Amino acid sequence: MTDAPNLPGPTRPALDPPASPSPWEADPAARGAVGPGGSLVAVVGGGISGLTSAYLLARAGARVLLLERGPRLGGKILTQPLAGLPLEAGPDGFLDRPEAVALCRELGLESELVETLTTRAYRWEGNGLRLLEAEGGRPATGSPARLLSLRGGLQRLVERLEEDMRGLAPRARVHPLTPVEGVEPAAGAGFRLRLGTGQVVRADAVVIGTPAHQAAELVSACSPGAADILMEVRYLDLAVINLIYPGRPWPLPGSGFLVAERDGRLISGCTWLSSKWPHLDRPGCTAIRVTVGGSGRREWMRLDDATLVAEAHRELVLALGPAPRPDLARVVRWRQAVPDPRSLDPGRPTRAQAALPPGLALAGGGYRGGGIASCIAAAGEAAALARRHLRAG
Ligand SMILES: Cc1cc2nc3c(=O)[nH]c(=O)nc-3n(C[C@H](O)[C@H](O)[C@H](O)COP(=O)(O)OP(=O)(O)OC[C@H]3O[C@@H](n4cnc5c(N)ncnc54)[C@H](O)[C@@H]3O)c2cc1C
């Protein structure tokens, strides 16, 4: 199983030439090039975790090589315009945490930040929508956990990080289509990264920015104990169905609704994008995001995209009332999309990190819980760990 969405073929074929001086062991001229003054950090994974770590390291003056398996950067962050609206196929916002806001500010994105218009949410219980209540019987509105996004979509964050990284070349290098197959201790000191391209990279420190199960495979040669801890995180498969309806078929007084597994519906969650986000509120159409899958829900995986769209529409009509069919629809399936919240343990990342040799840092914040904001915070910690290791060496 992979965690790649069902995207059409590669969109970014360009590989940078290897960094100069080259860390590639396959190039005999490179031997000895990575030493004092030229210490190199290899960052594995070009999602928000790896990208943020790589950016912070490069900005602090380190030589950085970002190695991404796929053709594009961003990982689960994927903005796909539909009807001219920047709709998200992955996360549709992030928690308002200081590290995340500071990163946006530093990248010059502060003026593009948008906040949810409402936090009022519902549960669909078959016979109607019930307002989700916070403790004390109050409606779950005005929650302190504000959600933020960017006017042009979350892909803007990825684009700015990538642009800034590329601006720091040749010290910072970005290599898409470069899978890392394993990380091993190098003779003497540092690490050897075996690549799917047949090459080997020698690095003084390594940051792993992949989900837990992939991180487990990568670090198993350095620490079977850390790999075992990381393998405890279980992942759930999900699909996101973005729909554009003509006009305003429903009033939508909130941000959406959730459906409990026991209710046996296809839909596990529905986000009323047009009433949740200011940048997605356009006259003449209504944007809705339906999520299917999650804990105990696997039936949807046997359905093709057209059936998923038809079934999602049928359940929306049951929940919200009659409406014409959507004008546009797009389905993105994610294998091993998000950690099962029931398998999350706040102490696990610290235990896994403690079991790794110095210089090998875990950045993947997704398995700490908390999504993008947590990834950005964890990426900062991993970058700091790698820098301390370089300074100590
Ligand atoms: C449908 C969906 C909805 C979500 N909703 C929200 C939300 O609303 N708010 C929120 O905060 N979070 C949300 N999340 C979670 C959030 O998207 C993730 O926590 C976050 O994007 C994870 O980022 P990451 O960089 O750690 O991992 P990823 O985004 O998975 O990136 C990892 C990268 O590593 C690469 N990689 C893997 N193995 C290798 C290898 N061996 N060699 C090289 N590269 C490799 C992958 O190709 C990928 O690009 C959602 C996720 C999904 C799927």
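Two strands are taken as paired if DSSP finds at least two bridges between them. This criterion underlies the description of the sheets in the present model, which is predicted. Strand E11 and strand E12 (residues 191-195) satisfy it, being joined in the antiparallel sense by 5 bridges. Within this pair, Glu184 stands opposite Arg192 of E12.

The pair belongs to an open sheet of 3 strands, ordered E11-E12-E13 and antiparallel in its pairing. Strands E11 (180-185) and E13 (200-203) occupy the edges; each has a single partner strand, so one side of each is left without a neighbour in the sheet. From one strand to the next, the twist averages 20 degrees.

A further open sheet of 3 strands follows the order E5-E9-E6, again with antiparallel pairing. Its edges are formed by strand E5 (94-95) and strand E6 (113-115), and because each of these has a single partner strand, one side of each lacks a neighbour in the sheet. Strand E9 (residues 147-150) is joined to E6 by 3 bridges in the antiparallel sense. Glu115 has Leu148 of E9 as its bridge partner.

Antiparallel pairing also links strand E3 (residues 79-82) to strand E4 (residues 85-88), here over 4 bridges. One of the bridge partners is Leu87 in E4, which is matched with Gln80. The two strands, E3 and E4, form a hairpin with 2 residues between them. Ala83, in the loop between E3 and E4, has a positive phi of about 55 degrees although it is not a glycine. Ala83 has 14 C-beta neighbours inside 10 Å and therefore counts as partly exposed.

A positive phi also occurs at Leu177, where the value is near 55 degrees in a residue other than glycine. Leu177 is located in the loop between E10 and E11. With 17 C-beta neighbours inside 10 Å, Leu177 is classed as partly exposed. Another backbone feature is the cis peptide bond between Ala169 and Pro170, for which omega is about 5 degrees. Pro170 is part of the loop that connects helix H3 (155-167) with strand E10 (172-175).

Taken as a whole, the protein chain contains 9 helices and 20 strands. Of its 393 residues, 47% are buried. Among contacts in the chain between residues at least 6 apart in sequence, 69% join residues at least 24 apart.

One helix pairing involves helix H2 (residues 98-106) and H9, whose axes lie 8 Å apart and meet at an angle of about 80 degrees. Since angles of 65 to 115 degrees count as roughly perpendicular, H2 is roughly perpendicular to H9. On the H2 side the contact is made by Glu99, Ala100 and Leu103, and on the H9 side by Ile372, Ala373, Ile376, Ala377 and Gly380. The residues of this contact comprise 6 nonpolar, 1 polar and 1 charged.

Helix H9 (371-392) also takes part in the surroundings of the ligand, as do helix H1 (48-59), helix H4 (212-219), strand E15 (235-246) and strand E19 (328-339); each supplies at least two residues of the shell. The greatest contribution to this shell comes from H9, with 4 residues. There are 39 residues around the ligand, of which Gly45, Gly47, Gly75, Pro91 and Gly371 come nearest. By class, the shell consists of 18 nonpolar, 16 polar and 5 charged residues.

Strand E15 also contains Leu236. This residue, Leu236, has 21 other C-beta atoms within 10 Å and is buried, the threshold for that class being 20 or more. Beyond residues up to four places away in sequence, Leu236 touches Gly293, Gly294, Ser295, Ala337, Val338 and Asp340. Leu236 and Arg335 are separated by 99 residues in sequence, yet their C-alpha atoms are 7.3 Å apart in space.

Notes. Residues numbered from 1 in each chain as written. Predicted model: local features only at pLDDT ≥ 70, side-chain atom pairs only at ≥ 80, totals over all residues. Axes fitted to C-alpha atoms, helices over the stretch in contact; angles between N-to-C directions. Near = placed C-beta within 6 Å. Nonpolar A, V, L, I, M, F, W, Y, C, P; charged D, E, K, R; others polar. Buried ≥ 20, exposed ≤ 12 C-beta atoms within 10 Å, placed from the backbone. Contact = placed C-beta atoms within 7 Å. Parallel < 35°, antiparallel > 145°, perpendicular 65-115°, else oblique.
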